[in-house]
Amino acid sequence: MNEVTSAETGDLFSKFDDLINTRETLLSSGIEDPYNLVMEKVLSPTRAVCNGRDTILLGTYNYMGMTFDPDVIEAGKDALDKFGSGTTGSRVLNGTYQGHKDCEDALIEFYGMDHAMVFATGYQANLGIISTIAGKGDYVVLDIDSHASIWDGCAMGNAEIVPFKHNDVEAMEKRLKRIPEGAKTLVVLEGVYSMLGDVAPLKEMVRIAKEHGAMVLVDEAHSMGFIGENGRGVCEEQGVMDDCDFIIGTFSKSVGTVGGFCVSNHPKFEIMRLVCRPYVFTASLPPSVVATAATSIRKLQHGSNKRAHLWENSKRLHSGLLDLGFSLGTETPQSAIVAVIMPDLTQGAMMWEALLKEGLYVNLARPPATPANMTLLRCSLCAEHSAEEVETILGMFERAGKKIGII
Ligand SMILES: Cc1ncc(COP(=O)(O)O)c(C=O)c1O
């Protein structure tokens, strides 16, 4: 008798069959599952016990190492004691505590902008802001490599979506020229693109967007805290803060907790609190989370020494990996992310496992999250990695790379 495939039975899961098969083939080779790693103990921002092994963490977004900062921890414990474990309500009803206001004030101070709105996650910040401001009949011009939350925000708002080639200033301008006269346009960019760790040419892009009368939103998820003199991100570094209408960010990376936000100088911005569905129709962050975020953000303002050390780490890892013969996502170190390009998924997964056995955790990234069908071992450095740890990491890459035959 012929086997009945799930496609024939009307099973709505049939669309996942290819992915299920790829995954089963990979795991049947006996490889450890790259997407099911358990951290049994977290010892510091850079160390954990993973699948039973003492491991150096090189695949977290803990860029500034704030997760174990004593002041941050203390603020969280204090808020837990004084305000309880959760708000059980939306920001527009019973879910705004003093801590949420304080967290928004910390963001206003950090960015020097007029308004700040905190969301449950960075994903929801993009989803909410983009879908609310760019609706049917409006246009969103965006980089083709934009984060999933940006694409989902565009889809939810139902605007006309006009993508352009990654980081290509001319392609962006061409798209803007084709927008019908009188239509309202939002240009969406990121400071650092998280897969390859490359920086956007915001100076030219923001100028061109403004010349075409567009509003500009920049997602600084991977640059906040690290890039720019005060850690405000690539907008600060390239001198375009004043021309950005919205900056989106997250607490899940340099800030070291969870949550998302949008800051803006737009005089009508506060109306977003009533019309933005992913803000209104969900419970607000727990008091302990906003307290840790506010404390962390205020400390990041004075983090210039940590920023300098993180740059040293990024430069050393980048040059060391190039010298070993690995292909990297960027020619020069541009951020705290150093992406190592793998020949294919199988060798990528083998290399990932070999590194884990050495005691090093990195992210295995694959399509559709990656551009151009690439398999990447994404390394994200932390300001708390010591110079010696970076040397140890390079030794691990050398041994694993030779074992798998990639170098
Ligand atoms: C560019 C970008 N924007 C937004 C997000 C979402 O952030 P969060 O983890 O707070 O949902 C991410 C997360 O990886 C991201 O890379």
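# Structural briefing: strands, sheets and core

Strand 15 (residues 363-365) is joined to strand 16 by three bridges, and the two run antiparallel. The model described here is predicted. Its secondary structure comprises 14 helices and 16 strands. The radius of gyration is 22 Å, close to the 22 Å given by the globule rule for 407 residues, so the protein is as compact as a globular protein of that length.

## Overall dimensions and packing

- Taken along the principal axes, the box filled by the C-alpha atoms of the protein is roughly 60 × 55 × 45 Å.
- Of the 407 residues, 49% count as buried.
- Among contacts in the protein with a separation of 6 or more, 72% are between residues 24 or more positions apart.

## Strand 16 and its partners

- All six residues of strand 16 (residues 375-380) are buried, so this strand is largely enclosed by the rest of the structure.
- The side chains of strand 16 point in two directions: Thr375, Leu377 and Cys379 go one way, whereas Leu376, Arg378 and Ser380 go the other, and all of them are buried.
- In the pairing with strand 15, Ala365 has Leu376 of strand 16 as its bridge partner.
- Strand 13 (residues 337-342) also pairs with strand 16, in the antiparallel sense and over six bridges.
- Within that pairing, Ile337 is matched with Ser380 of strand 16 as its bridge partner.

## The nonpolar core

- In soluble globular proteins, nonpolar side chains tend to be buried together.
- The largest nonpolar core in this model holds 116 residues, of which Ile130, Val140 and Val340 touch the most other members.
- Helix 11 (residues 287-300) supplies the largest share of this core, with seven residues.
- At least three core residues come from each of two domains, namely domain 1 (29-64 + 304-404) and domain 2 (70-300).
- Beyond its neighbours within four places in sequence, Val340 is in contact with Leu321, Phe326, Leu328, Leu376, Leu377 and Cys379.
- Leu376, Leu377 and Cys379, which appear among these contacts of Val340, are buried residues of strand 16.

## The four-stranded sheet

- Four strands form an open sheet in the order 1-2-3-14, with mixed pairing.
- Strand 1 and strand 14 (360-361) are at the edges and each has a single partner strand, so one side of each is left without a neighbour in the sheet.
- Strand 1 (residues 39-44) and strand 2 run antiparallel and are joined by four bridges.
- These two strands form a hairpin with two residues between them, and Val42 stands opposite Ala48 in strand 2.
- Strand 2 also pairs with strand 3 (residues 53-57), over four bridges and in the antiparallel sense, with Val49 standing opposite Asp54 in strand 3.
- Strand 2 and strand 3 likewise form a hairpin with two residues between them, and Asn51 in the turn has a positive phi of about 45°.
- Side chains alternate along strand 2 (residues 47-50): Ala48 and Cys50 point to one face and are buried, while Arg47 and Val49 point to the other and are not.

## The seven-stranded sheet and helix 3

- Seven strands form an open sheet with the order 4-12-11-10-7-5-6 and mixed pairing.
- Its edge strands are strand 4 (115-119) and strand 6 (160-164), each of which pairs on one side only.
- Direction ignored, neighbouring strands of this sheet are turned by 20° against each other on average.
- Strand 5 (residues 139-143) and strand 6 run parallel and are joined by five bridges; in this pairing, Asp143 stands opposite Phe164 in strand 6.
- Helix 3 packs on the sheet and touches strand 4, strand 11 (246-250) and strand 12 (260-264), while its direction makes about 130° with that of strand 4.

## Glu109 in helix 3

- Helix 3 (residues 98-111) includes Glu109.
- Glu109 counts as partly exposed because it has 14 C-beta neighbours inside 10 Å, whereas 20 or more would make a residue buried and 12 or fewer would make a residue exposed.
- Glu109 and Glu220 are 111 residues apart along the chain, and their C-alpha atoms are separated by 16 Å.

Terms used: Residues are numbered from 1 along each chain as its sequence is written. This is a predicted model: local features need pLDDT of at least 70, side-chain atom pairs count only at pLDDT 80 or more; totals for chains, interfaces and linings use all residues. Two strands pair if DSSP finds at least two bridges between them. Axes are lines fitted to C-alpha atoms, for helices over the stretch in contact, and angles run from 0 to 180 degrees between N-to-C directions. Two residues are in contact if their C-beta atoms, placed from the backbone, lie within 7 Å. A nonpolar core is a set of buried Ala, Val, Leu, Ile, Met, Phe, Trp, Tyr and Cys residues joined through C-beta atoms within 7 Å. Domain bounds come from an automatic or database domain assignment. The radius of gyration is taken over C-alpha atoms; the globule rule is 2.2 Å times the number of residues to the power 0.38.
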